[in-house]
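Student: Can we go through this one by asking what earns each label? I'd like to see the value and the cut-off side by side.

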Amino acid sequence: MKMVIAEISVTPITDGVSVSKYVRAAYKALVETGLKVELTPMATVMEADTIEDIFDAALRAHRAVADMGARRIITTLKIDDRRDKRVHMEDKVRSVLGQ
């Protein structure tokens, strides 16, 4: 019955200001997992049936940035492991908006 929703941010420490090509690679790796993924301006949100799927996706995103040559990467992962009922990403948004 559970549903896991997570927010991930993969940030390479680079010499330049723009990191969009690295974020694109991390996002692509997340999408390729087949999980439901939503890109936002500051992070990416994903939804899975198991926490293992979330950790696997996070590892793939982190490695995608490493594979581009980033020498230092900071990956932040926030997990909402709801075990009492299935709640999807849009359910959380609707709840906040009072819909």
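Tutor: Sure. Let's start with a cut-off: a residue is buried under 20% relative accessible area, exposed over 50%, and partly exposed in between. Keep in mind that the model is predicted.

Student: Okay, what makes D91 partly exposed?

Tutor: D91 has 28% relative accessibility. Partly exposed is the band between 20% and 50%, so D91 counts as partly exposed.

Student: And why is R94 called partly exposed?

Tutor: Its relative accessible area is 36%, so R94 goes into the partly exposed class too.

Student: What makes R94 and D91 a salt bridge?

Tutor: Their side chains meet at 2.6 Å, N to O. The limit is 4 Å between a side-chain nitrogen of Lys or Arg and a carboxyl oxygen of Asp or Glu, so the pair qualifies. R94 and D91 are three residues apart in helix α3, and therefore separated by about one helical turn.

Student: How do you know that K28 and E32 form a salt bridge?

Tutor: The closest N and O atoms of K28 and E32 are 3.9 Å apart. That is within 4 Å, so the label holds. K28 and E32 are both exposed.

Student: What does the salt bridge between K92 and D80 tie together?

Tutor: Here the N to O distance is 2.4 Å. K92 lies in helix α3 and D80 in strand β4 (residues 73-82), so the pair ties together parts that are twelve residues apart in sequence. K92 is partly exposed at 35% relative accessibility, and D80 is partly exposed at 28%.

Student: How many salt bridges does a search of the whole structure find?

Tutor: Nine.

Student: Then why does E47 have no salt bridge?

Tutor: The nearest side chain of opposite charge, K36, is 4.3 Å away. A salt bridge needs 4 Å or less, so E47 and K36 miss the label. E47 is buried, in fact, and lies in strand β3 (residues 44-48).

Student: What does the side chain of E47 have as a polar partner?

Tutor: The backbone nitrogen of M89 lies 2.7 Å from a polar atom of that side chain. Beyond four places in sequence, the contacts of E47 include M3, V4, I5, L35, K36 and M89.

Student: Last one: what is the confidence like in helix α3?

Tutor: Helix α3 (residues 89-97) has the lowest confidence in the chain, at a mean of 91. The mean pLDDT of the chain is 94, and 99% of its residues reach 70 or more.

Notes
Residues numbered from 1 in each chain as written. Predicted model: local features only at pLDDT ≥ 70, side-chain atom pairs only at ≥ 80, totals over all residues. Heavy atoms only, no water. Helix = DSSP H or I, 4+ residues; strand = E, 2+ residues; numbered from the N terminus. Buried < 20%, exposed > 50% of the residue type's maximum accessible area, 1.4 Å probe, protein only. Lys, Arg positive; Asp, Glu negative; His and termini not counted. Polar contact = N/O pair within 3.5 Å; in protein donor to acceptor, adjacent residues only side chain to side chain. Contact = heavy atoms within 4.5 Å. pLDDT = per-residue confidence, 0-100.
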